[in-house]
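Biologist: I'm new to this one, so could you walk me through it?
Modeller: Happy to; have a look first, then ask away.

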Amino acid sequence: MKIDIRHVSHTSDVEVLDDVNITFDKHTSIAIIGVSGSGKSTLIRMMAGLEKPTSGDIEVDGIDVQDPLYRKHVGFVFQNHNLFPHLTLKKNITLVLEKTRHLSSKIASDTADKYLNLLHLSDQKDKLPRNVSGGQAQRASIARALSINPEIIFLDEPTSSLDPILTDEVLNAVEELRELGKQFVFVTHVMSFVQDFADYVIFMDQGKIVEQGKPSILQKPKTEELKSFMDKVR
Amino acid sequence: MNKFTSYVLAILTVIAFMVFVVVRQTDDFSFASFYIYTDMILTGMGNTILMSLITLFGSLILGFIFYLLSISKFKYFNALIDVLTEIIYGTPLIVFMVVMTFLIGPAFNTYKRVLMGSLALTFYMTPYMKNVYKSAISSISDEQYMAMDLFGFTSYQKYRYIIIPQVVRILMPPMMNNFSMIIKGSALLYVLSYNELFFAIRVVQSKTFAFIEGYVLMWGLYLIITIPLSQVTKVIERKWAL
């Protein structure tokens, strides 16, 4: 997929974007890294059409991300699993499929089973989110994002609220999804995951893209900013 | 000592204390003289429950209106709700009832004491209900709304399948606590001569002169209503937690 980010600027209390301008073509797994407040979460939300930039625009395969049609084909995984807490893991998926994709309950149920199985959650599917671990809930949220058969999947620091063991559990599950052939865009602090999974990395600092390239740039940072960032996360 | 035994012992301690209290004052403790007044007492109990239910529904509706006004764009309404809340919080319920019935009511040519008393109880509970709505609604995170938008739920679907089911679950336990407060507060309607449980027992006491039995019965009957209610609340709280 081709992602065009054209002169995107944004001002808010939390994060700022300063004339971000970049095109991704052919890359299937894009990592966005940077310190907290560098603008990476804002950027990924804008790419998913969840937030509107103050100026500039973003297109994916020629469609503006604010177009409701585009949103129907987007999967988004939030920092905290963000499942609907009153519904079981499976119901979280079937509700979406039945009500917004208008699938029959049989097909919705089969689809939910398929993706829960893919994320190794078959035995947890009838539990409420509060009764499973954070890692399981996050995997269920990934299953929910996948179940609508999105063409592009955004993961916004999917492991930031998890301990190292659960982080591995979730990231390993994501790595297994590579074979689905989807487009991934993700924000993370886990550099080993970036090395293994990303085929392109952008490093942001103070609302700007400071460095970009293959994951190998992390070994040989050109800028002081990336160098000091890598020292901190190691 | 396990939990069950501890509770049994604790309850027995309270009963023993009550037996002591009673035995100190009478040696022929008997509810026999109350028998012919059973209907009267049951009517009082029924009235307590009925009035509490009416007050509950009234304060649920008014509480929601208060909530909407408290988040209104018009600052005047926010301020008005704040001021009313402060006043109600600062007023003892009995004072509020008397003021409504004998000060405010007559200004509107209303001398119906029971009506004004129940309105007082309803208004008194309204800020508490407003808070229940506030906490229930604010417990649905912005990110959940974002997810709903992303998946493309319609407004109706959002409320029907996601927002209201959660709000009801969160709202239920504090609402039931408030119901318990209403039941207890309704005893004060006695000062307005409303024939609720407290009043009914006082009347029976004056006819039978069985004061000790009357007080024990009165206390017990309130607890028969409120304790099961609070136990059910605890179960719901546990089962419905999100």
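**Strands, helices and the chain contact**

Modeller: Let's start with one pair: in this predicted model, A:Ile3 sits opposite A:Phe24 of β2(A).

Biologist: How many bridges join β1 to β2 in chain A?

Modeller: Strand β1(A) covers residues 3–10, and β2(A) covers 17–24. The two run antiparallel, and the number of bridges joining them is five.

Biologist: Which strands are at the edges of the open sheet of four strands in chain A?

Modeller: Read the order across that sheet, with its antiparallel pairing: β2-β1-β4-β5 of chain A. An edge strand here pairs on one side only. That gives β2 (17–24) and β5 (63–64) of chain A.

Biologist: Which helix lies across β1, β2 and β4 of chain A?

Modeller: Look for a helix running at about 130° to β1(A). It spans residues 40–47 of chain A, and its name is α1.

Biologist: Why does the pair A:Glu157 and A:Lys40 tie together parts that are far apart in sequence, and by how many residues?

Modeller: The two side chains meet in a salt bridge, 3.6 Å from N to O. A:Glu157 is in the loop between β7 (152–156) and α6 (164–176) of chain A, while A:Lys40 belongs to helix α1 of chain A, so the parts they tie together are separated in sequence by 117 residues.

Biologist: What is the order of strands in the open sheet of six strands?

Modeller: This one has mixed pairing, and its strands belong to chain A. At the edges are β6 (74–77) and β10 (208–213) of chain A. Neighbouring strands are turned by 15° on average, ignoring direction. The order is β6-β7-β8-β3-β9-β10.

Biologist: Which residue is the bridge partner of A:Ile30 in β8(A)?

Modeller: Strand β3(A), residues 29–34, runs parallel to β8(A), residues 183–187, and four bridges join them. For A:Ile30, the partner in β8(A) is A:Val185.

Biologist: Which helix packs on that sheet, touching β3, β9 and β10 of chain A?

Modeller: The helix we want has a direction that makes about 100° with that of β9(A). It takes up residues 224–233 of chain A, and it's α8.

Biologist: Now for the chain contact: how much area do chain B and chain A bury between them?

Modeller: People often give the size of an interface as the accessible area lost when the parts come together. Here 21 residues of chain B are in contact with 21 residues of chain A. Carbon and sulfur atoms carry 65% of the buried area, and the total is about 2100 Å².

Biologist: Which residues meet in a salt bridge between the side chains of chain B and chain A?

Modeller: The rule finds one salt bridge across this interface. Its N to O distance is 2.6 Å, and the side chains belong to B:Glu143 and A:Arg45.

Biologist: Which element gives the largest share of the side of chain B that touches chain A?

Modeller: The elements giving two or more residues to that side are α6 (142–151), α7 (155–185) and α9 (211–240) of chain B. The largest share is eight residues, and it comes from α6(B).

Note on methods. Residues are numbered from 1 along each chain as its sequence is written. Chains are lettered from A and ligands numbered from 1 in the order in which they are written. This is a predicted model: local features need pLDDT of at least 70, side-chain atom pairs count only at pLDDT 80 or more; totals for chains, interfaces and linings use all residues. Side-chain values use heavy atoms; hydrogens and water are left out. Contact means heavy atoms within 4.5 Å. Buried area is the accessible area (1.4 Å probe) that two parts lose on being put together, summed over both. A salt bridge is a side-chain nitrogen of Lys or Arg within 4 Å of a carboxyl oxygen of Asp or Glu. Two strands pair if DSSP finds at least two bridges between them. Axes are lines fitted to C-alpha atoms, for helices over the stretch in contact, and angles run from 0 to 180 degrees between N-to-C directions.
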